[in-house]
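Work through the exercises below with the coordinates open. Each task is followed by a solution in steps.

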Amino acid sequence: MTNHYNDLMNSDCILMMGANPAENHPISMKWVLKAKERGATLITVDPRYTRSAAKSHIYAPMRSGTDIAILGGMIKYILDNDLYFRDYVVNYTNAPQLVNPDYRFDEEQGLFSGFEKVGEMPFADFGFYDKTTWTFQKDADGIALRDETLQDPNCVFQLMKKHYERYTLERVSDTAGTSVEDLEAVYSAFAATGAPDKAGTSMYAMGWTQHTSGVQNIRSMAMIQLLLGNVGQPGGGVNALRGTSNVQGSTDQALLFHIIPGYMPTPRANLASLQDYNATTPSSPDPKSANWWQNRPKYIASLLKAMYPDQDPEESYNYMPKLDVGQNASWLVLFDQMHNGKFKGFFSWGMNPATSGSNANKNREALAQLDWMVCVNPFDNETASFWKGPGVDPGNVKTEVFFLPPALFAEKEGAVTNSGRWAQWRYQGPKPLGQCARDGDIMLEIFRRVRTLYEEEGGAFPDPILNLNQKDMAKEGATFPNRYDPHKVAKVMNGYFTRDTTINGTTYSAGTQVPSFPSLQDDGSTCSGNWLFCGSYTEAGNMMARRDKTQTEMQSNIGLFPNWSWAWPVNRRVLYNRASVDPQGNPYNPERAVIRWENGQWVGDVPDGGWPPGERHPFIMRPQGYGQFFGPGLADGPFPEHYEALECPYEEQPFSAQLHNPTALHFEADKEAACDPRYPFVGTTYRVCEHWQTGLMTRWTPWLLEAMPQQFAEIDPELARLREINNGDMVIVESVRGQIEAVAMVTPRVQPFTVMGQTLHMVGLPWHYGWVYPEYGGDSANLLTPSVGDPNTGIPETKAFMVNIRKK
Amino acid sequence: MDGKGFFIDLTRCTACRGCQVACKQWHNHPAEDTRNWGSFQNPPDLSYVTYKLVRMEEYVENGQVKDWLFFPDQCRHCIQPPCKMVGDMDDERAILQDFDTGAVLFTERTNNLFFDEILASCPYDIPRLDEATNLQGKCDMCFDRVINDKLPACVLVCPTGAMNFGDLDEMRQMADERLEVVKEEFPNAVLGDPNALRVIVLFHREPTRFHHAAVASLHGPGRFTRKQAFAKMFGNRKALI
């Protein structure tokens, strides 16, 4: 989240689209309803009438997979009706920047300049982009040229206007199945937050991300928020509701393959030395651009010192595992490689890919290609027991499975970082049952034994193992399962001085905790396991454990509690907050100010850098310092463009001749069924309030299972009549990849869509169930979903695919 | 002292069912062996081991959903509980009313009562029977928690402020104030029998759209059973002896 949960109450309009907060983030509704009581308009745009829709003023149904059409239509609506916040757009975004005159978008073909065709998918070309024309015109110093009148035909603003000319209400309605009236209701309510003293916010989750245009869905919203001047404002922003309680924390710590802790890029094989790696540090010729990433060499050096305290960073950089150039090691690729027999072993730790992963049958087959698998989970699950699953003969499975029982979340001490970036320290509740051990202890023990093997037997390249820092993780003298020390880990994550160091006249002795990341150094004199968390555990103590509600009047006005827990970065609660004030430092919305320049200093939240107003552009993490309408960094285009899901019902779409995202991640050997009459209905998956993820924990919790006992399929009454299905009947839902049984839930909360003159039905499926337990629960809806993904992230497209449904 | 009360604001209920589960957890009630019956609502009804149930009803007009109505149903803890009036005819220690809180409590002597009579006496269709033991059960206001200055489990867990608990006069005031505000968006909003009950529910749409027995007055004027009529006339039978 750019903002945080209780900041939602400051909003004048909340757009819940690609998320269902009442069911999947239920506590957030506390703040959503507070906003409503303060006069905010609540909007739900969703294929189904959900529990969130029930609390909204406006509900607009939409066909799954048409978010960019709807949001692109909103961009056009805002531009056509002059509802954008002009000062903000001119001062703080790249709208005035002049784009390379060779940049093109072919409106008929639906392709950006630089497309290189590699092959064909059914009904579409497939390839990648050479992005050399996706650039800006620059002056002699290398700073992008700007036309602040926004009139130059090559400026971003005009190109954006031209790009979205095609996104008329009628065309969007024809594509999304949303009525023109509903679209106008949504657009006018949300666009009203373009007034300087109004803020609109967006709550999104997997409903936006899990598409072959997932990243562009979110970029569309970011563009709307920049047009309306909502980024940096209390009650504004683009707010990702993370799927699990600590997924924000695990992403901060390098959950994903392409980043290492603190969102630094993973080293690649062509960057052989630390010098090579640092040569890729973002730079900016513009003195007004803070370009915060210019500090990256300090953060990588400090990370390396945290991991390898006894080596110089130049040496320990060689220990870092490196991706090949161009290598994609995301989820779908990993399972494809596993399926092809490329892995010997696999740790399935706190996850259940036989149920959670798209195209789950493929994942189940892939697990059988392993020599060994370690499952760390509190309950038996479809992954751990795949070898005795439906249709599997255990005698034919070679995989040896080890099952390790971990302590549950309440049974261990440590920090959990929520979607709003608050790291909140928890004490231990009950002690772990039986032989259950904390994850940290399991990791340390595996490491200790592997290290002993290297010590005793040697092996290829033992240095990264033998030199790894243990003193900052383990209690001295303790043994398994009592070695792991969460305070030590938190302290090294913050970082300390490795030797006596003087910064700006202050001397810090060796071993002193680093106060904040501006003090981190690139010469090995500081360590920090994650620069973003530098400041979370200082000489003043564990900031994450703070529960102090003290606040100033200005802070209390917007529900900002700077002394409650700790938020990265530097305890800043609203990101990009320098964009909430004009270039003189006066809040655009004085009634709900987040920062203000007063008597030569900033008051309120921690500002995005302490420079006086107007001295730096507000988007300090971007090299140019501006919010980006034109985003040249993505794989599939600098502007979001509507394409159909890879599995879609139609052979053509109204926006261009390009049916699918031409850069989408897909695998030749896997089955998809685009425009296949055997699978005429749109399938989509989601979660319900009563279960969590694959249900691995909640299916075993009797009161939750009682409330939501079984796989179901939500369908509209017309489809039910068509297929002679009654409410409560058992049905079979099938895709080209597999089939499941479910209880039919025939409900007017789901309605057929009229798309390009045709009636289209949808089948909605939760994905919380699996064959292990309960026996009547049904198997995973992910047996149906396709192994295709977004070209930027590789996230699978589980929200729009094609199925059939029939009575059992 | 007016005792305690609940205020249940249905405009704030998101049907997360935290209350339903917290109730089971505090009372250590077992889960029922449910199946999906074509509805999100489960268990399908209140039972001897389900004191609190979030009812979920679609409000449909011309085939289109206008609203999805959520109603965390429970005993209303009547100020003059008809179940107790009827029960006292057979065993005055079977149903108790706590003097301080006003909580209506079913004891282990409810097996001395006739369930049909007790159920028929309740305008809100609340009491449920355990056929194995012939005991009757319903919400006990988390009496054990309340006398230890703790909130009822359902109120403690509610994330949105739909469930509220406190002194009855405060709850009445909260309900009246909230009704005024809610009427701006929902002109037909009402409080369910606010003067007769300790559990005051704000219905933002017609109460019967939430549940057929959501409010008492809709059943028409009191259809007293013979026993209820006697109970009303003479009070506690044993007191007369």
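**Exercise 1: a salt bridge within chain A**

R499(A) is partly exposed, with a relative accessible area of 41%. The model is a predicted one.

Task: Find which residue forms a salt bridge with R499(A), and state whether that residue is buried or exposed or in between.

Solution.
Step 1. The partner of R499(A) is D523(A), and the closest N and O atoms are 3.6 Å apart. The cut-off for a salt bridge is 4 Å, so the pair counts.
Step 2. R499(A) sits in the loop between β17 and α19 of chain A, while D523(A) sits in the loop between β18 and β19 of chain A. The two residues are 24 residues apart.
Step 3. D523(A) has 42% relative accessibility and counts as partly exposed.

**Exercise 2: a second pair in chain A**

Task: For the salt bridge between E382(A) and R699(A), determine where the two residues lie in the chain and whether E382(A) is buried or exposed.

Solution.
Step 1. The closest N and O atoms of E382(A) and R699(A) are 2.8 Å apart.
Step 2. E382(A) belongs to the loop between β13 and β14 of chain A, and R699(A) to the loop between β24 and α21 of chain A. The pair links distant parts of the chain, 317 residues apart.
Step 3. E382(A) is buried at 1% relative accessibility. R699(A) is buried as well, at 2%. Both values are under 20%, which means that each residue falls in the buried class.

**Exercise 3: the interface of chains A and B**

Task: Describe the contact between chain B and chain A by residues, buried area and salt bridges.

Solution.
Step 1. On the chain B side 41 residues are in contact, and on the chain A side 40.
Step 2. The two chains bury about 3100 Å² between them, with 57% of this on carbon and sulfur atoms. In chain B, the residues that lose the most area to chain A are N36(B), F40(B) and W68(B), together 21% of what that side buries.
Step 3. Five salt bridges and 18 residue pairs in polar contact, both residues at pLDDT 80 or more, are counted between the chains. Of the elements of chain B, β3(B) gives the most to the side that touches chain A, with six residues. That side divides into 16 nonpolar, 14 polar and 11 charged residues.
Step 4. K24(B) forms a salt bridge with E706(A), the closest N and O atoms being 2.6 Å apart. R178(B) and E37(A) also meet in a salt bridge, at 3.3 Å from N to O. R178(B) lies in helix α6 of chain B and E37(A) in helix α2 of chain A, so this pair joins two chains. R178(B) is buried at 13% relative accessible area, whereas E37(A) is partly exposed at 37%.

**Exercise 4: the two domains of chain B**

Task: Characterise the boundary between domain 1 and domain 2 of chain B by contacts, area and salt bridges.

Solution.
Step 1. Domain 2 spans 82–141, and domain 1 is made of 4–31, 38–77 and 144–219. Their C-alpha centres lie 21 Å apart.
Step 2. Contact involves 27 residues of domain 1 and 19 residues of domain 2. About 1900 Å² is buried, 64% of it from carbon and sulfur atoms. In domain 1, Y48(B), Y51(B) and H77(B) lose the most area to domain 2, together 34% of what that side buries.
Step 3. One salt bridge is counted between the domains. D45(B) and R128(B) meet in a salt bridge of 3.0 Å, N to O.

Methods
Residues are numbered from 1 along each chain as its sequence is written. Chains are lettered from A and ligands numbered from 1 in the order in which they are written. This is a predicted model: local features need pLDDT of at least 70, side-chain atom pairs count only at pLDDT 80 or more; totals for chains, interfaces and linings use all residues. Side-chain values use heavy atoms; hydrogens and water are left out. Contact means heavy atoms within 4.5 Å. Buried area is the accessible area (1.4 Å probe) that two parts lose on being put together, summed over both. A salt bridge is a side-chain nitrogen of Lys or Arg within 4 Å of a carboxyl oxygen of Asp or Glu. A polar contact is a pair of N or O atoms within 3.5 Å; within protein, one must be able to donate a hydrogen and the other to accept it, and residues adjacent in sequence count only if both atoms are side-chain atoms. Helices (H or I, at least four residues) and strands (E, at least two) are DSSP runs, numbered from the N terminus. Ala, Val, Leu, Ile, Met, Phe, Trp, Tyr, Cys and Pro count as nonpolar, Asp, Glu, Lys and Arg as charged, and the others, Gly among them, as polar. Domain bounds come from an automatic or database domain assignment. Buried means under 20% relative accessible area, exposed over 50%, partly exposed in between (1.4 Å probe, protein chains only).
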